[in-house]
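Let's take a walk through a protein model together. Keep the 3D view open while you read, and turn it as we go.

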Amino acid sequence: MVPTSTYAVSKSTLKSSAALRETIANAKAARRAAQKYDGDDIAKPIKVDQSFDFPKLDFEDGLHVKPLHKRIACAKSDGKLDISGMKLKVFPQEVLNMDSMTDGPAWYESVDLIRLNVADNELEDLGWDRSYQSAEDADNPSPTDVFAALQTLDLHGNHLRTLPSMLPNLENLTVLNLSRNRLKDPTRDILNNISKTASLRILDLSDNQFSGPLPSLAGCHSLEDLNIHSNAFTSLPAELSSCTKLRTLDASTNKLSWLPHLELPNLVNLNLSSNQIAIDNLMAPDTALPKLTT
């Protein structure tokens, strides 16, 4: 039986940790709000940065704790976290707890995480939904708070079979790279969830195991670059016309047999090579692609 005094301390610690997390979340939210608006309260455009120019840190296989902490400490200063190529099988809880880590600057001096590179690991599941659902536990901060300012998320080259359902809660996410994973999505839960991520500008789904019709991505009304290369999609949705900012569409190496009526006024690059589209079905008669060059 646990002594009463021990239980009281434990409950107090939990409440204290939860309060600290709430304080950190509120402070960062206020900082983001101040940065989001100018003097006239007009939203500033988000600058999309696809590059991952991170400092290279050496580490020995199987001894990832020390270099992981170093990388997190750097990220607290510059907002860029690179944990790629570390043979990770589980997403590190340390990342979700980065505000409470003693390495690097204190939470009130740290910057928001805006770029996260988790590429070339062995993850099958990020586990963020479990952390999200248990966010009331002091040991499980909500990913929505930790990644609230995230703009770029690179997950390519893993073994992912699913994605967190809380992805649309990342309201600043503009770049999402999911290429070279094991995503199948027979129930369309993954793609329908992605379609709710309205801030996305660049989406890479290439080299996965998707099949059947590509669901509507109409919710991604800011989308500029879509890559679905090397899957088994059989058709594109006519609702793709809702993505009026789309400039590049790579749908090569799929199983497309026809192209629907599309009105994409800003589309410049379209790749439909290595499909099953007959010449007569290449373009619907009323397709409107005025800027198409390739």
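**Rings on the inside**

Both Phe-91 and Phe-147 are buried. Keep in mind that this is a predicted model. Phe-91 has a relative accessibility of 6%, and it counts as buried because that value is under the 20% cut-off.

Now let's look for ring partners. A pair of aromatic rings is described by the distance of the centres and the angle of the planes. Searching the whole structure turns up four aromatic pairs. In one of them, Phe-91 meets Trp-128 edge-to-face, with 5.4 Å from centre to centre and 80 degrees between the planes. This pair links distant parts of the chain: Phe-91 sits in the loop between β1 and α3, whereas Trp-128 belongs to helix α4, and the two are 37 residues apart. Trp-128 is buried too, at a relative accessible area of 1%.

Which residue forms another edge-to-face aromatic pair with Phe-91? The partner is Phe-147, at 6.4 Å centre to centre and with 80 degrees between the planes. Here, too, distant parts of the chain are linked, as Phe-147 is found in the loop between α5 and β3, 56 residues apart from Phe-91. Put the pieces together, and Phe-91, Trp-128 and Phe-147 make up one aromatic cluster.

Finally, turn the model to find Pro-186, in the loop between β4 and α6. Is Pro-186 buried or exposed? Its relative accessible area is 74%, so Pro-186 is exposed, since the cut-off is over 50%. Pro-186 and Ser-211 are 25 residues apart in sequence, and their C-alpha atoms are 7.7 Å apart in space.

Definitions and conventions: Residues numbered from 1 in each chain as written. Predicted model: local features only at pLDDT ≥ 70, side-chain atom pairs only at ≥ 80, totals over all residues. Heavy atoms only, no water. Phe/Tyr/Trp six-rings, centres within 6.5 Å; stacked < 30°, edge-to-face > 60°. Helix = DSSP H or I, 4+ residues; strand = E, 2+ residues; numbered from the N terminus. Buried < 20%, exposed > 50% of the residue type's maximum accessible area, 1.4 Å probe, protein only.
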